[in-house]
Structures are given as structure tokens and as C-alpha cells.
Amino acid sequence: MIVQVTYNNDFGGTPYAAAEVTAPTKDIDQALEYAYRWTQNISGSWSRKIGEDANDNVKVLHHNFDGSGLRSSMVGDEFLVDGKTFKVAPFGFEEVV
């Protein structure tokens, strides 16, 4: 299942497509959790494919001009999966209707 990750900015910045994650599941909730986990900088950099956060199932769609890695997914970002959009909430995800 493919999850498209869009990073939003509450400070007037333009949203941008950050990643496309191929989750090895057909369950939407599991796919969302998988995409969230693999767009985190826990032990390395997911977007620069460094350390334990590197995952071949994650396609990086945005690159910073200065070569720095992208931030981790966070509250307010949007994940599109199976034709439905979900916002990252303080706990879990909320479907955008």
C-alpha cells in the first residue's frame, strides 16, 4: 500500500510532498503507522538514508538546497492512502473529510 506524505507548515510555509512510502500491508492503519515510523529521524536520517532510519521502501520526493535532511513527520502533516487523506494528530491519525 502506498502512502504519500505531505509536510505542512503552520507558519505560512508552502506544503510540499516529502515522501512516498510503500508499506508492506493492505491495512490502512498499519500503513499509516509504517509511513510515520519511517519518516522519523530517530537514529540517523530517513531522507538522507543514513543509519537505522534508512528504508528502501521510502522514496524521498523533496530535497533541501543546502543538502540537509528533512525533518521528521509531525502533527498537522497529511498522509494520503487508498484515496483518503489523514492528518497526523497528537495521538494517531484523523481522517480529513
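In which loop is lysine 49 found? The legends below, written for a predicted model, take up this residue after an overview and a view of the core.

**Figure 1. Overall fold of the predicted model.** The protein contains one helix and eight strands, which follow one another along the sequence in the pattern β-β-α-β-β-β-β-β-β. Its C-alpha atoms fill a box of roughly 35 × 35 × 20 Å along the principal axes, and the radius of gyration of 13 Å agrees with the value near 13 Å that a compact globule of 97 residues would have. Among contacts with a separation of 6 or more, 46% are accounted for by residues 24 or more positions apart. Buried residues make up 35% of the 97 residues, while the protein exposes about 5,900 Å², of which carbon and sulfur atoms supply 52%. The 8 positive and 14 negative charges have mean positions that lie 5 Å apart.

**Figure 2. Close-up of the largest nonpolar core.** This core holds 21 residues, of which Val3, Val5, Val21, Trp46, Phe79 and Val81 touch the most other members. Two or more residues each are given by strand 1 (2–7), strand 2 (16–22), helix 1 (28–37), strand 5 (58–60), strand 6 (78–81) and strand 7 (84–88), with the largest share, five residues, coming from helix 1. Leaving aside residues up to four places away in sequence, valine 81 touches Met1, Ile2, Val3, Ile28, Ala31, Leu32 and Phe86.

**Figure 3. Close-up of lysine 49 and its loop.** Lysine 49 is found in the loop between strand 3 (44–45) and strand 4 (50–51), and with a relative accessibility of 34% this lysine counts as partly exposed. Most residues other than glycine have a negative phi. Lysine 49, although not a glycine, has a positive phi of about 60 degrees.

**Figure 4. Close-up of aspartate 82 in the loop between strand 6 and strand 7.** Aspartate 82 also has a positive phi, near 55 degrees, in a residue other than glycine. Its relative accessible area is 52%, so aspartate 82 is exposed, the cut-off for that class being over 50%.

**Figure 5. Close-up of asparagine 9 in the loop between strand 1 and strand 2.** Asparagine 9 has a relative accessibility of 37% and therefore counts as partly exposed. Between asparagine 9 and glutamate 94, which are 85 residues apart in sequence, the distance in space is 17 Å from C-alpha to C-alpha.

How values were computed: Residues numbered from 1 in each chain as written. Predicted model: local features only at pLDDT ≥ 70, side-chain atom pairs only at ≥ 80, totals over all residues. Heavy atoms only, no water. Helix = DSSP H or I, 4+ residues; strand = E, 2+ residues; numbered from the N terminus. Rg over C-alpha atoms; globule rule 2.2 N^0.38 Å. Buried < 20%, exposed > 50% of the residue type's maximum accessible area, 1.4 Å probe, protein only. Contact = heavy atoms within 4.5 Å. Areas by Shrake-Rupley, 256 points an atom, 1.4 Å probe, with all protein chains shown as cover. Lys, Arg positive; Asp, Glu negative; His and termini not counted. Charge placed at Lys NZ, Arg CZ, Asp CG, Glu CD. Core = buried A, V, L, I, M, F, W, Y, C linked by side-chain atoms within 4.5 Å.
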